[in-house]
Protein chains: 2
Amino acid sequence: MSFGDYLRQARLARQQQDKGYSLRQVAGRVGVEPAYLSKIERDIFPPPSEQMIVKLAEDLGEDPDVLLALAGKLSTELREIIVRRPRLFAELIRQLKDAPDHAILRMVREVTDGDW
Amino acid sequence: MSFGDYLRQARLARQQQDKGYSLRQVAGRVGVEPAYLSKIERDIFPPPSEQMIVKLAEDLGEDPDVLLALAGKLSTELREIIVRRPRLFAELIRQLKDAPDHAILRMVREVTDGDW
DNA sequence: TGTAGTGTGTATTAAACACTACACAAATGA
DNA sequence: TCATTTGTGTAGTGTTTAATACACACTACA
């Protein structure tokens, strides 16, 4: 699913329970033009800045990291961590490129002690 | 070490063995202005585009992924992979944020069968 | 039937980005 | 000593980004 599709779906789902999640209202709270958000939801405009993604995630009650991943971005927080150990991260990345999902799952479980 | 420092060090190391790695010559092969490369090496200008980073890595015989990580960037290749499984990646990221180096090392070894 | 709220199309723009052009001073080498 | 090569400073530029402004059409409903 694309970033825009995910966003629209999340907003509409929210709107069903809770009135107050029209495009205009969300745009208003997040602080952008409705027309702009509309185009993002339809993937006419690319995913917005990290700041705006985080604000959208907060407003919609979604996981910011999922939204960022869908947008193909890293949070600045993670970016800083990676810059501190580039060789280690480069190797991880190289493995990730070829790893099947179950291998990544295993890697995550390895660190989380399986509680995921 | 910063992106610029790493770049300059790599170029100078190369220049010692192999004449032909002056700032001008590298800039010439990579296709940018020497003054621009100079400023990048001194961290006056931020790391350049992904394309240029990859060209520099090729010319200097360095690992492009390390250079990209130092620059705080994702390769487009990896970005595409992440977009395909955002939830899985988001969880991995969340763990990475808190994981100490040895835990990440363990994850990498888990996938690489220890040959790193 | 009009009015309030919904989403969308077109046009425009300020600032940031990713560099280039060119001149210059210091060191190197013949 | 003169030409070359080295790296660097200043100034400027085309393109892209990240949006805004505003008008418009459709739907619901009172």
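**A walk around two chains and two DNA strands**

Visitor: How far is a base oxygen of DNA strand C from an N or O atom in the side chain of A:Arg24?

Guide: Keep in mind that this is a predicted model, so the distance is computed from predicted coordinates. A:Arg24 is listed among the closest residues to DNA strand C, along with A:Arg8, A:Leu23, A:Ser38 and A:Arg42. Its side chain puts an N or O atom beside a base oxygen of that strand, and the gap is 2.6 Å.

Visitor: Which part of DNA strand C does a polar side-chain atom of A:Arg8 lie 2.7 Å from?

Guide: The atoms of DNA strand C within 4 Å of the protein are split, with 51% in sugar or phosphate and the rest in bases. A:Arg24 has a base oxygen as its partner. For A:Arg8, the partner of the polar side-chain atom is a phosphate oxygen.

Visitor: Which chain B residue has a polar side-chain atom 3.0 Å from a sugar or linking oxygen of DNA strand C?

Guide: Chain B takes part here through α3 (34-41), which supplies at least two residues of the surface near DNA strand C. Residue 36 falls inside that helix range. The side chain that lies 3.0 Å from the sugar or linking oxygen belongs to B:Tyr36.

Visitor: Which helix gives the largest share of the surface near DNA strand C?

Guide: Chain A offers three candidates, α1 (3-17), α2 (23-30) and α3 (34-41), each with at least two residues there. The surface as a whole divides into seven nonpolar, four polar and six charged residues. Four residues make up the largest share, and they come from α3(A).

Visitor: Over at DNA strand D, which residues come nearest?

Guide: The strand has 17 residues around it. Of the strand atoms that come within 4 Å of the protein, sugar and phosphate account for 52%. The nearest residues are B:Arg8, B:Leu23, B:Arg24, B:Ser38 and B:Arg42.

Visitor: Which residue uses a polar backbone atom to sit 3.0 Å from a phosphate oxygen of DNA strand D?

Guide: Let's sort the contacts by the atoms involved. B:Ser38 has a polar side-chain atom 2.7 Å from a phosphate oxygen of DNA strand D, and A:Tyr36 has a side-chain N or O atom 3.1 Å from a sugar or linking oxygen of the strand. The backbone atom, 3.0 Å from a phosphate oxygen, belongs to A:Glu33.

Visitor: Which helix supplies the largest share of the surface near DNA strand D?

Guide: Helices from both chains contribute at least two residues each: α3 of chain A, and α1 (3-17), α2 (23-30) and α3 of chain B. By type, the residues come out as seven nonpolar, four polar and six charged. The largest share is four residues, from α3(B).

Visitor: What kind of axis relates chain B to chain A?

Guide: Two copies of a chain are related by a rotation about an axis and a shift along it. Here the rotation is 180° and the shift is 0.0 Å, with an RMSD of 0.1 Å after superposition. That makes it a two-fold axis.

Visitor: Which residue of chain B comes closest to the rotation axis?

Guide: The two copies use the same surface, with 100% of the contact residues of chain B recurring in chain A. Going by C-alpha, the closest approach of chain B to the axis is 2.7 Å. The residue is B:Met107.

Visitor: What is the phi of A:Asp43?

Guide: Most residues other than glycine have a negative phi. A:Asp43 lies in the loop between α3 and α4 (50-60) of chain A and is not a glycine, yet its phi is positive. B:Asp43, in the corresponding loop between α3 and α4 (50-60) of chain B, also has a positive phi of about 60°. For A:Asp43 the phi is about 60°.

Visitor: Is A:Ala71 buried or exposed?

Guide: A:Ala71 is in the loop between α5 (64-70) and α6 (76-84) of chain A, where it touches A:Phe3, A:Pro47 and A:Ile53. The cut-off for buried is under 20% relative accessible area. At 15% relative accessibility, A:Ala71 therefore counts as buried.

Visitor: How far apart do the C-alpha centres of the two domains of chain A lie?

Guide: Chain A is divided into domain 1, covering 3-74, and domain 2, covering 85-112. Between their C-alpha centres the distance is 29 Å.

Conventions:
Residues are numbered from 1 along each chain as its sequence is written. Chains are lettered from A and ligands numbered from 1 in the order in which they are written. This is a predicted model: local features need pLDDT of at least 70, side-chain atom pairs count only at pLDDT 80 or more; totals for chains, interfaces and linings use all residues. Side-chain values use heavy atoms; hydrogens and water are left out. A residue is near a molecule or strand if one of its heavy atoms lies within 4 Å of it. A polar contact is a pair of N or O atoms within 3.5 Å; within protein, one must be able to donate a hydrogen and the other to accept it, and residues adjacent in sequence count only if both atoms are side-chain atoms. Ala, Val, Leu, Ile, Met, Phe, Trp, Tyr, Cys and Pro count as nonpolar, Asp, Glu, Lys and Arg as charged, and the others, Gly among them, as polar. Domain bounds come from an automatic or database domain assignment. Copies are superposed by least squares on the C-alpha atoms of residues with pLDDT of at least 70 in both. Contact means heavy atoms within 4.5 Å. Buried means under 20% relative accessible area, exposed over 50%, partly exposed in between (1.4 Å probe, protein chains only). Lists of a residue's contacts leave out its neighbours within four places in sequence.
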